[in-house]
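Below is a set of questions on how certain labels are earned, each answered by setting a value against its cut-off. Have the sequence and the structure open while reading.
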Amino acid sequence: MSANIRDIAKAAGVSVSTVSKALNGYSSVSDATRAKVLRIANELRYEPNAAARALVGQRSMTLGVSLTTGLTHPFFGSLLGGIDRALQEKGYDLIYLSQAHINPEYSLVRHCRTRNVEGVLVFGFQDTDRDFVELIDSDLPAVFIDLDIQASRIGMVTSDNAQATREAVRHLHALGHRRIAYIAGLADSYVEKLRKQGFRQGLLENGLSERSEYRAGEDFTRESGYEAMHRLLSLEERPTAVVCCSDMSAFGAMEAAEERGLSIPEDVSVVGFDDIEAARSVRPALTTIRQDMPRMGYEAVMLLDRLIAEETDSISELPKRVVLPTEWISRDSCGPAPGRIE
């Protein structure tokens with residue numbers, strides 16, 4: 001028969017409860033004790049039984065993920081690599097909580113309880129979504145990606161969106177651009193508010209005036225970028241550079257510019273946001289702002305694990321916001337402003 005936690009406890013000289021806490025990542029166990037327990041568990045070839053662990057330790061070691069965007073969104077594909085790495089480190093399984101929006105009786109919280117998940121990763125939510133208030137009011141640990149919520153068992157992982165667009169304006173200004181436009185995403189989204197704020201700060205810091213006619217766009221899609229770029233290029237004094245709210249939006253903007261017979265970046269420079277895989281393969285290759293999406297996924301699981309494992313009275317002391325830096329990725333869609341000689 002394979003070893004059980006009682007065998008590990010006897011070999012380590014600690015209680016069964018301590019072994020259980022060490023194996024399940026509880027912070028009340030010292031690093032030295034945890035290392036000893038894990039070493040002995042490995043030596044004894046211990047293989048935890050998930051069902052027994054759920055019954056005895058009241059832990060299912062299962063997390064849920066809820067996506068309003070669906071599994072095909074390119075952002076989620078990049079997140080998944082980091083999520084998977086953290087799941088393996090912590091010993092969790094992951095299930096996809098498919099949202100049955102066609103069913104008016106659907107409840108995300110009830111779905112989580114039914115599937116016995118210990119916590120949920122949430123991506124693509126807005127605070128107007130129907131499941132939002134119920135999730136916040138429940139005691140279910142949750143980590144939102146790109147939505148800042150203040151609650152005791154709720155965390156958030158995001159990128160430094162405002163700093164990213166500030167830097168984008170600075171780079172374009174250094175290339176001689178003075179007529180810089182912005183193609184926006186969903187007006188009510190958390191990241192859009194910060195990206196627009198950073199863009200405005202960038203204009204101010206570089207001595208440029210904000211022009212209302214240089215703002216266009218309605219969401220993060222290619223179609224929105226396409227329509228917005230046509231509008232911007234119809235202006236009598238069209239912009240020489242455009243910062244887009246997403247790579248998908250930038251792809252649409254580039255398509256619109258090319259339809260008008262304009263060359264990128266000779267006539268207009270285009271900047272994206274995200275650095276999804278396709279950003280490298282479009283022609284010209286897209287200059288963009290890279291979010292470290294695998295790390296976002298990794299940090300989201302790690303934060304959720306801490307929210308689950310910490311004792312209730314110490315949760316208020318946990319750092320519950322993780323803000324990751326971005327990186328400017330210079331490719332072929334940006335160049336000097338028209339008429340400027342480098």
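Q: What links Asp-275, Glu-277, Arg-280, Arg-290, Glu-327 and Arg-331?
A: In this predicted model, these six names belong to a network of salt bridges: the acidic members are Asp-275, Glu-277 and Glu-327, and the arginines are Arg-280, Arg-290 and Arg-331.

Q: What makes the contact between Arg-280 and Asp-275 a salt bridge?
A: The side chains of Arg-280 and Asp-275 meet at 3.5 Å, N to O. A salt bridge requires a side-chain nitrogen of Lys or Arg within 4 Å of a carboxyl oxygen of Asp or Glu, so the pair qualifies.

Q: Why is Asp-275 called buried, and why is Arg-280 called partly exposed?
A: Buried means under 20% relative accessible area, and Asp-275 has 5%, so Asp-275 counts as buried. Arg-280 has 35%, which lies between the 20% limit for buried and the 50% limit for exposed, so Arg-280 is partly exposed.

Q: How do you know that Arg-211 and Glu-213 form a salt bridge, and what is the N to O distance?
A: Their side chains meet at 2.9 Å, N to O, and the cut-off is 4 Å, so the pair is a salt bridge. Arg-211 is partly exposed at 26% relative accessibility, and Glu-213 is partly exposed at 31%.

Q: What makes the pair Glu-255 and Arg-222 a link between distant parts of the chain?
A: The side chains of Glu-255 and Arg-222 meet in a salt bridge at 3.5 Å, N to O. Glu-255 is in helix H11 (residues 247-259) and Arg-222 is in helix H10 (residues 222-233), with the two positions 33 residues apart in numbering. Glu-255 is partly exposed with a relative accessible area of 32%, and Arg-222 is partly exposed with 35%.

Q: How many salt bridges does this rule give?
A: The count is 20 salt bridges.

Q: How do you know that the span of helix H3 (residues 31-43) agrees with its number of residues?
A: H3 has 13 residues, and at 1.5 Å a residue the expected span is 18 Å. The end C-alpha atoms of H3 are 18 Å apart, so the two values agree.

Q: Why are the buried residues of H3 said to line one face?
A: The buried residues of H3 are Arg-34, Val-37, Ile-40 and Ala-41. Seen down the axis of H3, they fall within an arc of 135°, so they line one face of the helix. The face turned away from this buried side carries the exposed residues Asp-31, Ala-32, Asn-42 and Glu-43.

Q: What covers the buried residues of H3, and which residue with a positive phi follows H3?
A: The cover includes helix H1 (5-12) and helix H2 (16-23). Arg-45 follows H3, with a positive phi near 55°.

Q: What makes S2 and S11 the edge strands?
A: The open sheet has six strands in the order S2-S1-S3-S4-S5-S11, with parallel pairing. Strand S2 (93-96) and strand S11 (321-324) each pair on one side only, and this makes them the edges. From one strand to the next, the twist averages 20°.

Q: How do you know that strand S1 (residues 62-67) pairs with S2?
A: Pairing requires at least two bridges, and S1 and S2 have four in the parallel sense, so they pair. Gly-64 stands opposite Ile-95 in S2.

Q: Why is strand S5 (residues 154-159) called largely enclosed?
A: Six of the six residues of S5 are buried, so the strand is largely enclosed by the rest of the structure. Ile-154, Met-156 and Thr-158 point one way, while Gly-155, Val-157 and Ser-159 point the other way. In a regular strand the side chains alternate between the two faces of the sheet.

Q: Which strands pair with S5?
A: S4 pairs with S5 in the parallel sense over four bridges, and Val-143 stands opposite Gly-155 in S5. Four bridges also join S5 to S11, again parallel, and Leu-324 in S11 is the bridge partner of Ser-159.

Q: Which strands does helix H5 (residues 74-90) lie across?
A: H5 lies across S1, S2, strand S3 (119-123) and strand S4 (142-145), and runs at about 160° to S3.

Terms used:
Residues numbered from 1 in each chain as written. Predicted model: local features only at pLDDT ≥ 70, side-chain atom pairs only at ≥ 80, totals over all residues. Heavy atoms only, no water. Expected span 1.5 Å × (residues − 1). Buried < 20%, exposed > 50% of the residue type's maximum accessible area, 1.4 Å probe, protein only. Arc of directions from axis to C-beta. Contact = heavy atoms within 4.5 Å. Axes fitted to C-alpha atoms, helices over the stretch in contact; angles between N-to-C directions.
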